[in-house]
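Visitor: I should like to go through this model with you, one question at a time. Please give the reasoning with each reply.

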Amino acid sequence: MIAAAHNPVLADLFTEFTPVLREGLIELLTLTGLRTPRPEHQRRGHEELVRAVADGDAEGAAEVLRGELGDSFAPAQGPVAPARDPL
């Protein structure tokens, strides 16, 4: 995705923070239990994303990503506890 942007500043920036970002995301997924493999979900989403990028369809790519992230994080979105009064 970064290479498709053809932005050398973005590419350099991404190269610098990718290792830290990767470690943090793996830790987050492990803590939330979201590392359960779902190959059919991931394969379909990646194919759609690659197709949208290859077609230059930015809105289509964004829509695929929104859907993939929503599906991926849905198990972690349980009921939200009401805020407690600090006093």
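Visitor: What percentage of the 87 residues of the protein chain count as buried?

Guide: The model is a predicted one, and burial here requires a relative accessible area under 20%. The accessible surface of the protein chain comes to about 7,300 Å², with 62% of that area on carbon and sulfur atoms. Of the 87 residues, the share that counts as buried is 10%.

Visitor: Which order do the elements of the protein chain follow from the N terminus on?

Guide: The protein chain has 4 helices and 0 strands. Read from the N terminus, the elements therefore run, with helices defined as DSSP runs of at least four residues, as α-α-α-α.

Visitor: In which helix is confidence highest?

Guide: Over the protein chain the average pLDDT is 79, and 70% of the residues score at least 70. Among the helices, the lowest mean is 81, in helix H3 (residues 39–54). The highest mean, 88, belongs to residues 8–32, that is, helix H2.

Visitor: At which residue does the kink in H2 lie?

Guide: H2 has 25 residues and spans 34 Å from its first C-alpha to its last, close to the expected 36 Å. Within H2 there is nevertheless a kink of about 45°. The kink comes shortly before the proline Pro19, at Phe17.

Visitor: Which residue has a side-chain oxygen that reaches the backbone nitrogen of Val9?

Guide: The pair is found at the start of H2. There the backbone nitrogen of Val9 has a side-chain oxygen within 3.0 Å, and a polar contact requires N or O atoms within 3.5 Å. The residue that supplies this oxygen is Asn7.

Visitor: Is His6 buried or exposed?

Guide: His6 is found in the loop between helix H1 (2–5) and H2. Its phi is near 55°, a positive value in a residue other than glycine. The relative accessibility of His6 is 70%; the cut-off is over 50%, so His6 counts as exposed.

Visitor: The backbone oxygen of which residue lies 2.8 Å from a polar side-chain atom of Thr15?

Guide: Thr15 has its place in helix H2 and, at 55% relative accessibility, counts as exposed. Its C-alpha atom is separated by 9.7 Å from that of Ile2, 13 residues apart along the chain. The backbone oxygen that lies 2.8 Å from a polar atom of the Thr15 side chain is that of Ala11.

Visitor: How far apart in space are Leu69 and Gly45, C-alpha to C-alpha?

Guide: Leu69 lies in helix H4 (residues 58–73) and is partly exposed, with a relative accessible area of 48%. In the protein chain, 53% of the contacts with a separation of 6 or more join residues 24 or more positions apart. Leu69 and Gly45 are 24 residues apart in sequence, and their C-alpha distance is 9.9 Å.

Technical notes. Residues are numbered from 1 along each chain as its sequence is written. This is a predicted model: local features need pLDDT of at least 70, side-chain atom pairs count only at pLDDT 80 or more; totals for chains, interfaces and linings use all residues. Side-chain values use heavy atoms; hydrogens and water are left out. Helices (H or I, at least four residues) and strands (E, at least two) are DSSP runs, numbered from the N terminus. Buried means under 20% relative accessible area, exposed over 50%, partly exposed in between (1.4 Å probe, protein chains only). Contact means heavy atoms within 4.5 Å. Accessible areas come from the Shrake-Rupley method with a 1.4 Å probe; for residues, only the protein chains shown count as cover. pLDDT is the predictor's confidence in each residue, from 0 to 100. The expected span of a helix is 1.5 Å times one less than its number of residues. The bend at a residue is the angle between axes fitted to the seven residues ending there and the seven starting there. A polar contact is a pair of N or O atoms within 3.5 Å; within protein, one must be able to donate a hydrogen and the other to accept it, and residues adjacent in sequence count only if both atoms are side-chain atoms.
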